[in-house]
Amino acid sequence: MNIEYRKLLSHESSIYRTIRLESLEEFPESFEATYQEALNTEKLRMETDIENQTPEKFVLGAFINQKLVSLCVFVKNEERSGSIYQMYVNKNFQGKNIGTGLVQAVIHEAKEKLNVTEVYLEVAHNNESAYHLYKKNGFYDTEDENNKDKISKVIVMKYTV
C-alpha cells in the first residue's frame with residue numbers, strides 16, 4: 001500500500017469537506033462540531049484556509065492511490081507551539097499505521113516550517129484508540145488547570161519536539 005502524506009493544495013478544499021463530513025458522521029462523539037451543522041455550513045472555515053494556503057494553518061492528508069483517506073489539521077498557537085485538530089482516519093484504513101504516519105508528518109512539518117517545539121491536542125475521554133495512538137507517538141497527558149475540579153469530556157495531551 002503506497003501512502004503519500006502531504007498538505008492539501010488550494011484546489012482540494014472540496015475533498016477536505018467530503019472527508020470532514022464523513023468524520024463527523026462516523027464519529028460524532030469525537031468532535032465538537034456536528035455533522036448537521038457542518039452540512040448546513042456553505043463553506044467551512046478550514047476550506048477557506050486551504051484555498052488561501054494560510055501558513056500558520058495547514059491540513060495534511062494521507063492519500064492512497066490519490067484518494068484522501070485521512071486528515072489532520074495543524075494550527076500554530078503562540079511563538080513555538082501549536083495544536084492538532086480534526087484528526088481522522090477513514091474506518092476502512094484504521095489499524096494500518098496511517099494515523100501514526102500522519103501525526104508524525106504533521107509534527108515534522110510544524111517543526112521544520114514553523115519552528116514549533118510543543119504540539120497540543122484534545123482527545124475525547126472515551127476515544128481509547130485515538131488516545132493510544134497519541135501515547136504511542138510520544139504525547140502525554142497534561143494537567144488542565146481550568147478543569148481540575150470538573151469532570152472533563154476531553155484529555156489534553158502534549159508532545160515536546
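## Overall fold

From the N terminus on, the elements of the protein run β-α-α-α-β-β-β-α-β-α-β-β. That makes 5 helices and 7 strands. The radius of gyration is 15 Å, close to the 15 Å that the globule rule gives for 161 residues, so the protein is as compact as a globular protein of that length. This is a predicted model.

The C-alpha trace spans about 45 × 35 × 30 Å along its principal axes. Take the contacts with a separation of 6 or more: residues 24 or more positions apart account for 63% of them.

## Surface and charge

Of the 161 residues, 43% count as buried. The accessible surface of the protein comes to about 9,400 Å². Carbon and sulfur atoms hold 45% of that surface.

The protein carries 20 positive and 25 negative charges. The mean positions of the two sets are 4 Å apart.

## The nonpolar cores

In soluble globular proteins, nonpolar side chains tend to be buried together. Here the largest nonpolar core has 29 residues. The residues with the most contacts inside this core are Phe74, Ile84, Met87, Tyr134 and Phe139. The elements that give two or more residues to this core are β2 (57-64), β3 (67-76), β4 (81-89), α4 (98-114), β5 (118-124) and α5 (128-136). Helix α4 gives the most, with 8 residues. Apart from this core lies another, of 17 residues. Among its members are Leu8, Leu24, Leu71 and Tyr88.

Met87 is one of the residues with the most contacts inside the largest core. Which residues does Met87 contact, leaving aside its neighbours within four places in sequence? They are Phe31, Leu71, Cys72, Gly99, Leu102, Val103, Leu133 and Tyr134. Two names in that list return from the cores: Tyr134 is among the residues with the most contacts inside the largest core, and Leu71 belongs to the core of 17 residues.

## Two buried positions

Ile50 is in helix α3. Its relative accessible area is 3%, so Ile50 counts as buried. Leaving aside neighbours within four places in sequence, Ile50 is in contact with Leu8, Leu9, Ser10, Glu12, Ser13, Tyr16 and Val59. Of these, Leu8 is a member of the core of 17 residues. Glu37 is 13 residues away from Ile50 along the chain, and their C-alpha atoms are separated by 20 Å.

Ser83 is in strand β4. Is Ser83 buried or exposed? Its relative accessible area is 8%; the cut-off for buried is under 20%, so Ser83 is buried. Leaving aside neighbours within four places in sequence, Ser83 is in contact with Val73, Phe74, Val75, Asn77 and Tyr120. Phe74 is also one of the residues with the most contacts inside the largest core. Met157 lies 74 residues from Ser83 in sequence, and the two are 9.8 Å apart in space, C-alpha to C-alpha.

## Loop residues

Three loop residues follow. Glu42 is found in the loop between α2 (35-40) and α3 (45-52). At 79% relative accessibility, Glu42 counts as exposed, because the cut-off for exposed is over 50%. Leaving aside neighbours within four places in sequence, Glu42 is in contact with Arg17 and Glu47.

Gln66 lies in the loop between β2 and β3. Gln66 has a positive phi of about 65 degrees, although it is not a glycine. Its relative accessibility is 72%, so Gln66 counts as exposed. Asn115 sits in the loop between α4 and β5. Asn115 also has a positive phi, of about 60 degrees, and is not a glycine. At 46% relative accessibility, Asn115 counts as partly exposed.

Key: Residues are numbered from 1 along each chain as its sequence is written. This is a predicted model: local features need pLDDT of at least 70, side-chain atom pairs count only at pLDDT 80 or more; totals for chains, interfaces and linings use all residues. Side-chain values use heavy atoms; hydrogens and water are left out. Helices (H or I, at least four residues) and strands (E, at least two) are DSSP runs, numbered from the N terminus. The radius of gyration is taken over C-alpha atoms; the globule rule is 2.2 Å times the number of residues to the power 0.38. Buried means under 20% relative accessible area, exposed over 50%, partly exposed in between (1.4 Å probe, protein chains only). Contact means heavy atoms within 4.5 Å. Accessible areas come from the Shrake-Rupley method with a 1.4 Å probe; for residues, only the protein chains shown count as cover. Lys and Arg count as positive and Asp and Glu as negative; His and the chain ends are not counted. The place of a charge is taken as NZ of Lys, CZ of Arg, CG of Asp or CD of Glu. A nonpolar core is a set of buried Ala, Val, Leu, Ile, Met, Phe, Trp, Tyr and Cys residues joined through side-chain atoms within 4.5 Å.
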